Amino acid sequence: MTSHHQAPQRLSERLRYQGRKFGFEAAGLRLPNGAEGEFETIRHPGGAMAVPLLADGRFVVVRQYRFPLEGWLLEFPAGTLEPGEAPETTIRRELEEETGYRAGRWSDLGSFPLAPAYSDESIHAYLAWDLTPLAAPPAQDADEDIQTLTMAALDLEAAAFAGEVDAKTIGGYCLARSRL
């Protein structure tokens, strides 16, 4: 009998692509049960996400175009970790850049994997409280098209059920609701 706690044996590996934000690799593995196969993985440095909550209970979200889906999604602000950067630094910057708000208080909600079947990316989630609008919001990144919105919890939930919200936002929302 094999143990499900044993690590697979790597038989081979190769990097197929290294892009600006992530890499793609394939590895030949022998699983603890003896099965062998090639497994493909997106290698990602991880990210950080804010669940921004206004004093009146509405959430701040962004509506952003996502090329892989060729459409728009509602999301909590988030960003990829820069090399050597702490998640807390990433999300403070991203909240301001994407929404034009600054948080006076932060609560760590933990981290979770986003798509473990094909990516090693995990996202660190934070509840952002005591929001104040910036006098002059920073310019968006040149490759982004983002609109900032505020939504009541029930409206955000309805959008999620309609398929208009990404998975990280749904996960962050659930973690935040457990703290409210």
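Student: In which element is Glu75 placed?

Tutor: Glu75 belongs to strand E6. The model is a predicted one.

Student: Why is Glu75 called buried?

Tutor: The relative accessibility of Glu75 is 2%. Buried means under 20%, so Glu75 at 2% meets the condition and counts as buried.

Student: What makes the pairing of Glu75 with Arg66 a polar contact?

Tutor: The two side chains make that contact at 2.7 Å. The cut-off for the N or O atoms is within 3.5 Å, so a value of 2.7 Å satisfies the distance condition.

Student: How do you know that the side chains of Glu75 and Lys168 are joined in a polar contact?

Tutor: Their separation is 2.8 Å. That is again within 3.5 Å, and the pair is therefore accepted on distance.

Student: Which residues does Glu75 touch, not counting those up to four places away in sequence?

Tutor: Glu75 touches Val61, Val62, Gln64, Arg66, Asp166, Lys168 and Thr169. A touch requires heavy atoms within 4.5 Å.

Student: What is the volume of the largest pocket?

Tutor: The volume of the largest pocket is about 1,300 Å³. Its lining comprises 37 residues, and His44, Arg66, Glu75, Thr80 and Glu121 are the closest to its centre. Two or more lining residues come from each of strand E5 (59-66), strand E6 (71-75), strand E7 (78-80), helix H1 (87-99) and helix H3 (167-177).

Student: How do the lining residues of the largest pocket divide by class?

Tutor: There are 15 nonpolar, six polar and 16 charged residues. Glu is one of the residue types that count as charged, so Glu75, a lining residue, falls in that class.

Student: How much space lies in the second largest pocket?

Tutor: The second largest pocket holds about 170 Å³. Among its 13 lining residues, Leu29, Phe39, Glu40, Thr41 and Arg43 are the closest to the centre.

Student: Which element gives the most to that lining?

Tutor: E3 does, with four residues. Strand E2 (23-30) and strand E3 (36-43) each supply at least two. By class, this lining has six nonpolar, two polar and five charged residues.

Student: Why does Ser107 count as partly exposed?

Tutor: Its relative accessibility is 23%. Buried needs under 20% and exposed needs over 50%; 23% lies between these limits, so Ser107 is partly exposed. Ser107 is placed in strand E8 (residues 101-113).

Student: What makes the pair Ser107 and Trp129 a polar contact?

Tutor: Their side chains are joined at 3.1 Å. The limit is within 3.5 Å, so 3.1 Å passes on distance. Leaving aside neighbours within four places in sequence, Ser107 is in contact with Ala125, Tyr126, Leu127 and Trp129.

Student: How far apart are the C-alpha atoms of Ser107 and Glu157?

Tutor: They are separated by 22 Å, with their positions 50 residues apart along the chain counted as sequence separation.

Student: How many helices and strands does the protein have?

Tutor: The protein has three helices and 10 strands. From the N terminus on, the order is β-β-β-β-β-β-β-α-β-β-β-α-α.

Student: What share of the residues in the protein is buried?

Tutor: Of the 180 residues, 39% are buried. Each of these has under 20% relative accessible area. The exposed area of the protein is about 10,500 Å², and carbon and sulfur atoms supply 53% of it.

Technical notes: Residues numbered from 1 in each chain as written. Predicted model: local features only at pLDDT ≥ 70, side-chain atom pairs only at ≥ 80, totals over all residues. Heavy atoms only, no water. 1 Å grid on protein atoms, 1.4 Å probe; cavity = no way out; pocket = protein on both sides within 12 Å on 5 of 7 lines; lining within 4 Å. Points joined across faces, edges and corners; volume = space filled by probe spheres on them. Buried < 20%, exposed > 50% of the residue type's maximum accessible area, 1.4 Å probe, protein only. Polar contact = N/O pair within 3.5 Å; in protein donor to acceptor, adjacent residues only side chain to side chain. Areas by Shrake-Rupley, 256 points an atom, 1.4 Å probe, with all protein chains shown as cover.
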